[in-house]
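Visitor: Could you walk me through this one and explain the terms as we go?
Guide: Sure, here it is.
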Amino acid sequence: MKRTLVVGVDGSPESRAAADWAAREAVRRDMHVHVVHAWLWQPLAVPVVQDRGTEARRAQEILEETEAGLTHRHPRLSLSAEVVPDVPVPALLGAAKNAEMLVLGTRGHGALAGFLLGSYGQQLIASAECPVVSVRARDGKPVFGGAEGEVVVGQQGGVEESAEVLRFAFEAAAARRVPLRAVRAWSLPPVYGYSPGSMWIAQQFGGLEPFETAALDQALEPWRLRFPEVEVVAHVERGSAGHVLLSEASDARLVVVGRRVRESAVGARIGSVAHAVLHHAACPVAVVVPHR
């Protein structure tokens with residue numbers, strides 16, 4: 001049985017771009033695509049003419065149009081589709097429970113402002129148990145990143161903490177037959193000048209940057225052995241993790257980051273690095289649940 005990739009569609013240009021990315025990825029990796037359209041009849045408490053039958057037919061049409069377009073453009077694609085009678089977040093979370101990844105569309109919001117990630121997207125990224133890929137669209141057209149670009153992955157923490165993020169990134173690079181650029185950003189700890197622990201690190205490794213380089217190499221080692229065909233470029237730089245990663249990913253085909261969820265008064269929020277990359281990277285972004 002093929003591994004499944006789930007994509008959410010709603011008839012918008014952004015969701016069509018997501019569906020097309022999902023189809024390409026599925027053909028590339030020999031996976032099955034399951035297209036989901038969430039539709040739940042919810043009469044409005046306002047004087048607007050609504051017809052349940054008409055809206056139900058439109059929901060089915062969205063699905064059929066998506067299926068027809070994907071089948072035409074990707075004849076070898078293994079495909080299924082369904083209308084789920086629920087609101088978008090629980091519908092897509094349920095559909096993606098056992099999937100390899102969930103793919104969503106993201107609306108372009110101008111060259112300077114970056115991309116607009118809606119509330120549904122943020123909730124799904126914060127709650128999904130599988131990697132979530134956000135696909136950009138601008139002016140109704142998909143933004144796939146540099147045609148010859150690398151897969152870029154942000155690595156943080158130790159070997160175990162970053163294992164799932166690196167696994168996803170190496171698999172993506174191997175499937176595309178492109179190099180992988182692994183990026184680790186670092187900054188001076190607030191008490192660097194007088195912390196005994198920091199001074200010990202500096203003495204043992206000849207400075208904090210060599211220590212960070214060694215940490216990245218250690219995290220990459222098992223995946224280099226598992227994917228010997230993938231060319232790896234390791235990049236360590238002092239600075240904000242989000243800024244460093246975006247700088248290195250300017251011509252990437254895909255950026256892969258880990259997810260750090262924090263609860264707030266308005267619900268779950270993803271970490272600052274994932275948030276920055278999702279809103280400003282000029283290519284699809286995969287957010288991966290780290291090893292726990």
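Guide: Let's start with classes: Ala, Val, Leu, Ile, Met, Phe, Trp, Tyr, Cys and Pro count as nonpolar, Asp, Glu, Lys and Arg as charged, and the others, Gly among them, as polar. By that split, the lining of the largest cavity has six nonpolar, four polar and one charged residues. A heads-up: this is a predicted model, where local features need pLDDT of at least 70 and side-chain atom pairs count only at pLDDT 80 or more, while totals for chains, interfaces and linings use all residues. Residues are numbered from 1 along each chain as its sequence is written, and side-chain values use heavy atoms, leaving out hydrogens and water.

Visitor: Why is L216 called buried?
Guide: Buried means under 20% relative accessible area (1.4 Å probe, protein chains only). L216 has 1% relative accessibility, so it counts as buried.

Visitor: Which residues does L216 contact, leaving aside its neighbours within four places in sequence?
Guide: Contact means heavy atoms within 4.5 Å. On that test, L216 touches Q155, A182, R184, A234, H235 and V236. Take A182: it sits 34 residues from L216 in sequence, yet their C-alphas are 8.1 Å apart.

Visitor: What makes a space a cavity?
Guide: On a 1 Å grid over the protein atoms alone, it's a set of points where a 1.4 Å probe fits but cannot get out; lining residues have an atom within 4 Å of a point. R184 and Q155 are among the residues lining the largest cavity.

Definitions and conventions. Buried means under 20% relative accessible area, exposed over 50%, partly exposed in between (1.4 Å probe, protein chains only). On a 1 Å grid over the protein atoms alone, a cavity is a set of points where a 1.4 Å probe fits but cannot get out, and a pocket is an open set with protein on both sides within 12 Å along at least five of seven lines; lining residues have an atom within 4 Å of a point.
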